[in-house]
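Here are my notes on the model, point by point. Please read them with the structure open.

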Number of protein chains: 2
Amino acid sequence: MSLATIPDPDGRQTADDRTQAIRDHLRDAIVDRRLAPGTKLTETEVGALFNVSRTMARSALQMLSFEGLVRIERNRGAFVANPDPGEARQVFAARRLVEPGIAAAACAQATPRDLARLRAHLADERRHMDLRGPSARRAEIKASGEFHLLLAEASGNQILHRFMEELIARSSLVIALYGRSGASSCGHDEHGGIVDALERRDAAAAQALVVRHIDHIEADLDLDQGRTTSLKAALSSLRPT
Amino acid sequence: MSLATIPDPDGRQTADDRTQAIRDHLRDAIVDRRLAPGTKLTETEVGALFNVSRTMARSALQMLSFEGLVRIERNRGAFVANPDPGEARQVFAARRLVEPGIAAAACAQATPRDLARLRAHLADERRHMDLRGPSARRAEIKASGEFHLLLAEASGNQILHRFMEELIARSSLVIALYGRSGASSCGHDEHGGIVDALERRDAAAAQALVVRHIDHIEADLDLDQGRTTSLKAALSSLRPT
DNA sequence: GCCGCCCGGATCGCATACAATCGCTGCGTT
DNA sequence: AACGCAGCGATTGTATGCGATCCGGGCGGC
């Protein structure tokens, strides 16, 4: 029954913000699709799951709504976001705008430490790729997202990093929703190529590779599926339980 | 004494979210420098100013901290952000990355309605430019920011629009902090040129003009002033009252 | 006289309590 | 039988209370 457990339930070790921890757990659950899009997240329920009061649950949900992973309707409650194809396209349009620039910046700014972390991450990704099955696919999506986050970190710009955090989280949700399962593993080699470009400090190449990479990810999506009617779109907002 | 008043204090007219209104008022006050950077924003005090309880004040402050306009220190309180030159540079680096792309997107997506609104805004800006004095300068900074927001709106991408909202707010703060007063009015003609390019659907020109525009804004800043020591930087975090 | 320590006030963190709102169910009416 | 409406349960919106934490000032020791 438990969705996730706080590392230290008696609440001392965790030190600073427990609400932060709740938010992270919920975000993971959403991005991993352990929480289906459209699911209602009752404040009381969330609070009970994490052994905190509604205050904290509410706070965490509000944070997630800022990130676009949760939709809050006044006097109705919070629901796991259920991005329609249009929203999905916007997410990727934003990535297409932002990420090449981040790659270029990372080319100029990346420290050896950054590069090492990227390399280490590539190894992680390869490990996930060897596995099969739905949980492996989840892990793969998550790892793939983390690569882009590391890239943003390497750019040395905290603001862009935070933007990317949001974009990656929403992308993961979109991929989980609309991804054709088949080709999603193609990403890894492209990641490697990007790191190569970074190490050569070849900004133009890095940018081009990132654009191609995003193209590939988006091409793997099936964003035309729900195109029946506007009624369907309206219904998709309801909880599928 | 009153910082700002809620349109309808008895709290009916405002309809949906009062915390939203509080956040907007505070943001305006910060961006306008009616609240000096470093000022402590006590939950109780904010609540009293807007006739709400700490709960709402806290919520509004938390939103602002997400936007980077307020810094929250655990068990200490909320303070108006006091961006150091490094942070200022990150803000503008982010804008330099994002805005040209937005301009290009706007070239492709802008509706006649968008263009009309941009034109109307240009007229507003010209009106502000004719006035002199500190309050006029504030209005000018704000109007200048709104132009970029309209541009983001014209791009048709809500996500990018929200990113720009944050960047513009932080930019306004940075300009207010580090701007040399003299040349800031140069921006207007550039705005006009950008709209011209949009109307011609000339994406390349629009991008180039936006980049030049951001260059000019940033060139007008004096980001080397606090370069004495790291001690100075540490002290700048304290409240100047 | 200077330094470190302890204590008090202020402020936040979080929980709980009360009020407002919404959707739903069941009844009465047409 | 279908529609409209009123009461009710559930859930959120908002306020307040209590304990925890941190900063600053006063006191004692060195």
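1. Start with DNA strand D and Arg54(B). A side-chain N or O atom of Arg54(B) sits 3.3 Å from a base oxygen of DNA strand D. This is a predicted model, so treat each distance as computed. Arg54(A) also reaches a base of this strand: one of its polar side-chain atoms is 3.0 Å from a base nitrogen of DNA strand D. Ser53(B) contacts the backbone instead, with a side-chain N or O atom 2.7 Å from a phosphate oxygen of DNA strand D.

2. Which elements give two or more residues to the surface near DNA strand D? They are strand 1 (40–41) and helix 3 of chain A, together with helix 3 of chain B. Helix 3 of chain B supplies the largest share, 3 residues.

3. In total, 18 residues surround DNA strand D. The closest are Arg54(A), Arg58(A), Ser53(B), Thr55(B) and Met56(B). By class, this surface has 9 charged, 6 polar and 3 nonpolar residues. Of the DNA strand D atoms within 4 Å of the protein, 69% belong to sugar or phosphate, and the rest to bases.

4. Now turn to DNA strand C. It has 18 residues around it, and Ser53(A), Thr55(A), Met56(A), Arg54(B) and Arg58(B) come nearest. Sugar and phosphate make up 76% of the atoms of DNA strand C that come within 4 Å of the protein. The surface near this strand divides into 10 charged, 6 polar and 2 nonpolar residues.

5. Look at the individual contacts to DNA strand C. Arg54(B) has a side-chain N or O atom 3.2 Å from a base nitrogen of DNA strand C. Arg18(A) places a side-chain N or O atom 3.4 Å from a sugar or linking oxygen of that strand. Asn75(B) uses its backbone: a polar backbone atom is 3.4 Å from a sugar or linking oxygen of DNA strand C. Helix 3 (54–66) of chain A and helix 3 (54–66) of chain B are the elements that give two or more residues to the surface near DNA strand C. The largest share, 3 residues, comes from helix 3 of chain A.

6. Last, check helix 7 of chain A, residues 158–178. Its 21 residues should span 30 Å at 1.5 Å a residue, and the end C-alpha atoms are 30 Å apart, so the two agree. Is this helix mostly covered or exposed? It is mostly covered, with 17 of its 21 residues buried. Asn157(A) caps the N-terminal end, with a side-chain oxygen 2.9 Å from the backbone nitrogen of Ile159(A).

Note on methods:
Residues numbered from 1 in each chain as written. Chains lettered and ligands numbered in written order. Predicted model: local features only at pLDDT ≥ 70, side-chain atom pairs only at ≥ 80, totals over all residues. Heavy atoms only, no water. Near = heavy atom within 4 Å. Polar contact = N/O pair within 3.5 Å; in protein donor to acceptor, adjacent residues only side chain to side chain. Helix = DSSP H or I, 4+ residues; strand = E, 2+ residues; numbered from the N terminus. Nonpolar A, V, L, I, M, F, W, Y, C, P; charged D, E, K, R; others polar. Expected span 1.5 Å × (residues − 1). Buried < 20%, exposed > 50% of the residue type's maximum accessible area, 1.4 Å probe, protein only.
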